[in-house]
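Okay, everyone, thanks for coming. I'd like to spend a few minutes on the empty spaces in this one, so let me put it up on the screen.

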Amino acid sequence: MTRSDHRPATLIPGGAVFPHRHLLGIEGLQPHEIAFLLDEAERWVEANRTRDQSAQPLSNLTQINAFFENSTRTLLSFEIAGKRLGADLVNMHAAQSSVKKGETLIDTAQTLNAMRADVLVIRHMSSGAVKLIADKVDCPVLNAGDGRHEHPTQALLDALTIRRRRGSVAGQRVVICGDLLHSRVARSNILCLTALAAEVRVCAPSTLMPPAIDRMFVTPYTDFDAALEGADVVMMLRVQNERMEGGTIPSPREYRLRYGLTPERLARAAPHALVMHPGPMNRGVEIDSAVADGPQSAITEQVAMGVAVRMACLDVLTRRTRKVEGWA
């Protein structure tokens with residue numbers, strides 16, 4: 001049974017299809033709202049491929065990317081998305097911010113609000129920090145990853161990749177393997193994929209398996225070989241050494257032996273199975289290069305879908321500000 005069986009889609013009478021002011025996580029979104037964002041992203045996939053720059057809905061709007069935690073891939077993706085939408089971009093890096101000098105998060109939120117940005121994209125190392133800022137500002141806020149909490153646009157781009165390659169997310173048997181305990185990507189993906197009626201299996205060493213994860217409508221495994229049987233999608237997670245407090249895995253070599261995605265292991269999945277990874281990858285640990293660069297890999301496509309998804313989210317969240325019909 002999937003989570004979508006417990007959350008029927010409901011439309012807001014007389015309101016916008018996506019009634020939320022912010023995008024802080026997948027939790028709280030209805031399945032039809034997730035599908036709406038994916039549909040919007042499809043438009044930008046085509047525009048990006050044809051290099052069509054005629055539509056720039058964020059022209060004359062200011063987008064601040066406030067990253068309190070280092071990130072190259074996500075920041076670059078949001079920056080490209082904002083530029084293609086015509087936004088005036090400002091990147092705020094934690095190493096250059098007053099937070100390093102002792103400024104509180106509330107002080108930072110009030111400072112950002114005083115700058116009158118039209119949309120804020122925030123990444124933070126602490127769970128809940130993005131919501132705290134969202135509660136203090138007047139503009140839409142988009143969560144680019146907060147602690148172990150959520151990374152909603154990563155889940156959306158993964159769902160879009162699956163939908164485009166497999167035709168639908170519903171009914172797909174998806175295996176998510178790796179550091180589930182520390183992973184906001186895993187949490188957001190579980191919420192998103194189960195809402196869209198996928199069958200989700202999760203696999204990790206017992207030391208990296210969150211307690212009571214079966215309550216999220218997934219089937220937990222500690223045996224990767226068993227989890228892979230008949231899988232349509234295999235999503236590997238990075239071993240997050242920087243978030244670990246020691247003793248969670250014996251060694252990278254032993255981890256690869258039990259949980260690394262090798263060509264031999266991939267053969268246990270369905271012949272058409274997609275291989276995915278949010279990046280950056282630890283090649284030779286959680287995934288072999290032969291698999292990451294192989295014909296079943298959708299990893300580079302995930303990157304392309306990331307730009308389109310972030311363009312869609314920035315577009316949708318700023319429609320009220322722009323007084324788009326039906327959103328004001």
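I'll go through the pocket, then a pair of helices, then the cavity.

Keep in mind that this is a predicted model.

So, the pocket. The largest one has a volume of about 800 Å³. There are 39 residues lining it, and if you want to find its centre, look for Arg 73, Thr 74, Gln 154, Pro 278 and Gly 279, which are the closest to it. Which elements give two or more residues to that lining? Those are helix 1 (31-50), helix 2 (73-84), helix 5 (152-166), helix 6 (184-195) and helix 11 (299-317). Helix 11 gives the most, with nine residues.

The lining also draws on two domains: at least three residues come from each of domain 1 (19-150 + 305-322) and domain 2 (152-298). As for chemistry, you've got 14 nonpolar, 14 polar and 11 charged residues around the pocket.

Now, two of those helices. The axes of helix 5 and helix 11 come within 8 Å and cross at roughly 120 degrees. Angles from 65 to 115 degrees would count as roughly perpendicular, so this pair is oblique instead. The crossing of helix 5 past helix 11 is right-handed.

Last thing, the cavity. How many cavities of 30 Å³ or more does the structure hold? Just one, and the largest cavity has a volume of about 40 Å³. Its lining is Trp 44, Ala 47, Asn 48, Asp 52, Gln 53, Ala 55, Arg 84 and Met 311. By class, that's four nonpolar, two polar and two charged. Helix 1 gives the most here, with three residues.

Conventions
Residues numbered from 1 in each chain as written. Predicted model: local features only at pLDDT ≥ 70, side-chain atom pairs only at ≥ 80, totals over all residues. Heavy atoms only, no water. 1 Å grid on protein atoms, 1.4 Å probe; cavity = no way out; pocket = protein on both sides within 12 Å on 5 of 7 lines; lining within 4 Å. Points joined across faces, edges and corners; volume = space filled by probe spheres on them. Helix = DSSP H or I, 4+ residues; strand = E, 2+ residues; numbered from the N terminus. Nonpolar A, V, L, I, M, F, W, Y, C, P; charged D, E, K, R; others polar. Domains from an automatic or database assignment. Axes fitted to C-alpha atoms, helices over the stretch in contact; angles between N-to-C directions. Parallel < 35°, antiparallel > 145°, perpendicular 65-115°, else oblique. Left-handed = near helix turned anticlockwise from the far one by under 90°.
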